[in-house]
Amino acid sequence: MIESSNGKELAFVEGNPEKEPHVGMEFESEEAAKAFYDAYATEIGFIMRVDAFRRSTRDGTVVWRRFVCNKEGFRKLKPKRCGSRKPRAITREGCKAMIVVKKEKTGKWVVSKIVKEHNHPLVGSSANNRRTAVISQTPDEKDVKIRELIAELQHERRRSAALQEQLEMVLKDMEEHSKHISSNIDDIVQRLMEIESKSGEW
């Protein structure tokens, strides 16, 4: 059984005759479809990535979603820079494996297209478990994480500004104290000079 973050049942995987994804397969939500394909990917031996989507022209909600293998497509080649930096590892191999789900008028999400074949070796599921949760995040989940990081950054900036203000106050106090000491030393020197001058007269 797969469960969402709120504990709701999403899809059966183990012991279900519909363990293999197929055209016409139905899900209660986009999240359920994603959870199913994510579990399927982990079991088969590849990493899922949330890919393209389409929104309704009527209300702007997502009505079409594609989930792909993380080796889908090819990475864009950037101009080589001077230096001895090692080239990044090739992670995109043009894999065509994917699943497309679309929202029907009934509210169900139905598999409309699927490609099961991969053009690369599959690996054991244990190596994917930790990375899959991050890579398979939806854009909405990523937006939430970005907002959290921005809020944390703003908090640290305010904290830094407060500490800087306190430091400036301390430095100002030290400067005034230094001026006060310097003034006292000048007074003492002046008095000594006056005493020496008077004793010379005697």
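**Burial of helix α1**

How many of the 15 residues of α1 are buried? In this predicted model, 11 of them are buried, and α1 is therefore described as mostly covered, a residue counting as buried when its relative accessible area is under 20%. The buried positions begin with E30 and continue with A32, A33, K34, A35, F36, Y37 and D38. Y40, A41 and T42 are buried as well.

**Geometry of helix α1**

Helix α1 covers residues 30-44. At 1.5 Å a residue, its 15 residues should span 21 Å, and because the C-alpha atoms at its ends lie 21 Å apart, the expected and modelled values agree. Just after α1, G45 adopts a positive phi of about 120°.

**The sheet**

Five strands make up an open sheet, in the order β3-β7-β6-β5-β4, with antiparallel pairing. Its edges are formed by β3 (26-27) and β4 (48-55), each of which pairs on one side only.

At the β3 edge, 2 bridges connect β3 with β7 (residues 109-115), and the two strands run antiparallel. Here E26 is positioned opposite V110 of β7. Further into the strand order, β5 and β6 are antiparallel and are joined by 5 bridges; V68 faces M98 of β6 across this pairing.

**The β6-β7 hairpin**

Strands β6 and β7 are paired in the antiparallel sense through 6 bridges, with K103 opposite W109 in β7. The two strands form a hairpin in which 5 residues separate them. Within the turn, G107 has a positive phi of about 95°.

**Packing of the helix on the sheet**

Which strands does α1 lie across? The helix lies across β3, β4, β5 (62-69), β6 (98-103) and β7. Its direction makes an angle of about 10° with β5. The helix that crosses these strands is also the one with 11 of 15 residues buried.

**The chain as a whole**

The chain contains 3 helices and 7 strands. Along the sequence, these elements follow the pattern β-β-β-α-β-β-β-β-α-α.

Of the 202 residues in the chain, 25% are buried. Among contacts between residues at least 6 apart in sequence, 50% connect residues at least 24 apart. The accessible surface of the chain amounts to about 15600 Å², and carbon and sulfur atoms account for 53% of that area.

Notes. Residues are numbered from 1 along each chain as its sequence is written. This is a predicted model: local features need pLDDT of at least 70, side-chain atom pairs count only at pLDDT 80 or more; totals for chains, interfaces and linings use all residues. Side-chain values use heavy atoms; hydrogens and water are left out. Helices (H or I, at least four residues) and strands (E, at least two) are DSSP runs, numbered from the N terminus. The expected span of a helix is 1.5 Å times one less than its number of residues. Buried means under 20% relative accessible area, exposed over 50%, partly exposed in between (1.4 Å probe, protein chains only). Two strands pair if DSSP finds at least two bridges between them. Contact means heavy atoms within 4.5 Å. Axes are lines fitted to C-alpha atoms, for helices over the stretch in contact, and angles run from 0 to 180 degrees between N-to-C directions. Accessible areas come from the Shrake-Rupley method with a 1.4 Å probe; for residues, only the protein chains shown count as cover.
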